[in-house]
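Please open the model in your viewer and keep the sequence panel beside it. The stops below are meant to be followed in order, with a selection to make at each one.

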Amino acid sequence: MKPTPITKSCKLPDGREITIETGKLARQADGSVVLRMADTMLLATVVSNKEGKEGADFLPLSVDYQEKFASTGKIPGGFLRREGRLSDYEILISRLVDRAIRPLFPDDYHAETQVNIQLISGDPNALPDALAAFAASAALSVSDIPFQGPISEVRVARVNGQFIVNPTLEQKEKADLDLIVAGSMDNILMVEGESKEVSEDDMLEGIKVAHEAIKVQCQLQIELTKATNKSEKRTYSHESNDPALKEELQRLFYDKAYAVARLQTPNKQKRSDLFHQVEEDYLNSLPEDSTIDRGLVKKYYHDIQKKACRDLVLKEKVRLDGRKTNEIRSIWTEVDYLPSAHGSAVFTRGETQSLSTVTLGTKLDEQMIDGAMFSGNNKFILHYNFPSFSTGEVKPNRGPGRREIGHGNLAYRSLKQVLPAEENNPYTIRVVSDILESNGSSSMATVCAGSLALMDAGVPVKAAVSGIAMGMISDNGKYAILSDILGDEDHLGDMDFKVTGTEKGITGCQMDLKVEGLTYDVLKEALLQAKEGRLHILNEMKKSLQAPRPDLKPHAPRAHTIFIEKELIGAVIGPGGKVIQDIQNTTGATVVIEEKDKRGIVSIFATNQAAMDGAMKRINQIVAVPEVGTVYDGVVKSIMPFGAFVEFMPGKDGLLHISEIKWERLETMDGVMEVGEQVKVKLVEVDKKTGKFRLSRKVLLPKPPMKQEPAKA
């Protein structure tokens, strides 16, 4: 018997409807919903084990977002012709959902939990990335899993000064501010976005618009939960605790941990050793027959150490490494570090270091994108690598994980805002950031090093970009905003807020909150403190390079773009590619032709000027428009009784009539010219109806003097 689903709907500010349905699909999952907006449909399911994972002291949560190619009527590429591992785009959306929902599970809930979101129908006018967390939260809300939601997520874009919630793709591409914001009824939880050098006030206004839409969507989920009678959540017991031991360790450890924190040790490893020694001394003092649970000792000491470090900041306004709350660690930079790279830079801030390179490639090097919703090519690529030695650890080197992809994407979105317009940039640009040391915000080091490397390569970026990671510690109404946070401060703090931008404004941001009740006033204070730090870092970067180099490195490929009429594309390519292949073979240049905006774009790449000049000359000859009165060096192609056909430009023949060869009258073409003979001719006429060309040779020859008639007797 066909089930009767429960359906609820809400509207966006512009009147578009979003519908959530449960009870029809995937009913064996703990919770499942189908969310629909226009023709975009997402199926979200959640399953959580009843028992906690053995030995876990955290939530083993996995979130996977996947786009089915059938959702948009496509067949996947590749040999297998089926969906494979998640694409970077799908991983980024998975991370958005994970970051939004993870803080709302109870701290003591340790059961393996899996959230799956599938795009089962796609509509280009209803982008699914900003709907995924909404669907995931709804699936959790109609389950008995102890989720302290609901939450939701929306995209806000500013187009022509107006904020639009969940814009279409066309509107999104015109926006100067593009944010994805997640939140609950009362609080903002996560912000991710990019912008074209906007102000802090503009960003705050976008977040406020987003939160109003989020509240409506959260209310819908509350109503859906009531309709399904799933308000009661399962009981669980995933932790063993010893209150007496916890109290005893608080008495023994707190003052010692606070004393270590108060030493203000700049070196991460030394500071870690000092904290660890407090725990080791206690464990070593225990008799061999002690029944004290050493696992609980480690757990409680971790919490005590965290509180001691937080209290130091709140009470004394100093940090673990001795800095003030708004102080930036020492910075040094160097450009042109790698002689063979097209551009390179080293950026070091405290114990975080990025070595970044820039490589300039051709149109053929563009990244091909083959997805369910999006297909095409990408000519700006940024890769972020985080080897284990950067933190002094031993781990196997595998492919990039979700963290690396997320950090690289933030830097990518921040730097792409200042790249030259596509018509002024013929290159495919690849930036690679290799993190060589890490103690706090290597993604922001990537932005700074990547910006310097682009300028070192001679890429005419609009401005330099820097980034800073902000943190916050709060307790009972007291709070401290921290600039340029350490790795330890990221772990013990209540906020991780990364902001990138130029001197003019913000180009990218990423914020994760771990605490409720952050007011907009505090958020604005954090943004303004971030601006202060961002400008300081930009000034430090200027000490190495203030503007893009005026020219590329000698070993970098040269590029030139020629715009031609659409009708001339075939002439440049030639039959079967014969012409373009000959140009490349004879000059050594690489020539790429594409059609865009009803015109042809010819991109020429060469490693030396001679190859560039040779290719440009050949192409200009092909695409040049014949001009009446111009003299050309032609080649005789065929001889007819009435004259000769001469190729005066590549692919363009004109008639050199027998009467236009010499001033003297010719009776026949026999012996006058030969096929293949070079001849200088002048274009004297273009027939307006037929487009045929008429040439003359005699007008270039001296005109013989007029014969004088004999005087009459």
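A cavity, as the word is used here, is a set of grid points where a 1.4 Å probe fits but cannot get out. The model on your screen is a predicted one, and a search of the whole structure finds 3 cavities of 30 Å³ or more.

**Stop one: the largest cavity**

Begin by selecting Ile188, Met511, Leu513, Leu518, Thr519, Tyr520 and Leu523, the residues that line the largest cavity. The space they surround amounts to about 50 Å³. If you colour the selection by residue class, you will find 6 nonpolar residues and 1 polar residue in this lining, with no charged ones. Showing the backbone as well brings up strand 21 (506-513) and helix 11 (520-542), each of which supplies at least two residues of the lining.

**Stop two: the second largest cavity**

Helix 11 also takes part in the next stop, where it gives the most to the lining of the second largest cavity, with 3 residues. Helix 9 (442-456), like helix 11, supplies at least two residues of that lining. Select Leu452, Met455, Ala464, Leu538, Met541, Lys542, Leu545 and Gln546 to display the lining in full; the volume of this second largest cavity is about 40 Å³. By class, its lining residues divide into 6 nonpolar, 1 polar and 1 charged.

**Stop three: a helix crossing**

Now hide the cavity linings and select helix 1 (residues 88-101) together with helix 8 (residues 402-416), whose axes come within 10 Å and cross at roughly 95 degrees. Angles of 65 to 115 degrees count as roughly perpendicular, and the two helices, helix 1 and helix 8, are therefore roughly perpendicular to each other. To see the side chains at the crossing, display Asp88, Ile91, Leu92, Ser94 and Arg95 from helix 1, which meet Arg402, Arg403, Ile405, Gly406, His407 and Asn409 from helix 8. The residues of this contact divide into 3 nonpolar, 4 polar and 4 charged.

**Stop four: an aromatic pair**

The count of aromatic pairs comes to 13. One of them to select is Tyr109 with Tyr236, an edge-to-face pair with 5.0 Å from centre to centre and 80 degrees between the planes. This pair links distant parts of the chain, 127 residues apart: Tyr109 is in the loop between helix 1 and strand 6 (111-121), whereas Tyr236 is in the loop between helix 4 (200-228) and helix 5 (243-262).

**Stop five: two backbone details**

Most residues other than glycine have a negative phi, and most peptide bonds are trans. With that in mind, select Gly149 and Pro150, where the peptide bond from the one to the other is cis, with omega near 5 degrees. Pro150 is placed in the loop between helix 2 (132-141) and strand 7 (152-159). Then move to Arg81, which is not a glycine and yet has a positive phi of about 55 degrees; look for Arg81 in the loop between strand 5 (61-67) and helix 1.

**Last stop: the surroundings of Asn377**

Which residues does Asn377 touch, leaving aside those up to four places away in sequence? Select Asn377 in strand 15 (residues 375-378) and add Glu366, Gln367 and Met368, the residues that Asn377 touches. Between Asn377 and Gln367 the C-alpha to C-alpha distance is 5.4 Å, with 10 residues separating them in sequence.

Technical notes. Residues numbered from 1 in each chain as written. Predicted model: local features only at pLDDT ≥ 70, side-chain atom pairs only at ≥ 80, totals over all residues. Heavy atoms only, no water. 1 Å grid on protein atoms, 1.4 Å probe; cavity = no way out; pocket = protein on both sides within 12 Å on 5 of 7 lines; lining within 4 Å. Points joined across faces, edges and corners; volume = space filled by probe spheres on them. Helix = DSSP H or I, 4+ residues; strand = E, 2+ residues; numbered from the N terminus. Nonpolar A, V, L, I, M, F, W, Y, C, P; charged D, E, K, R; others polar. Axes fitted to C-alpha atoms, helices over the stretch in contact; angles between N-to-C directions. Parallel < 35°, antiparallel > 145°, perpendicular 65-115°, else oblique. Contact = heavy atoms within 4.5 Å. Phe/Tyr/Trp six-rings, centres within 6.5 Å; stacked < 30°, edge-to-face > 60°.
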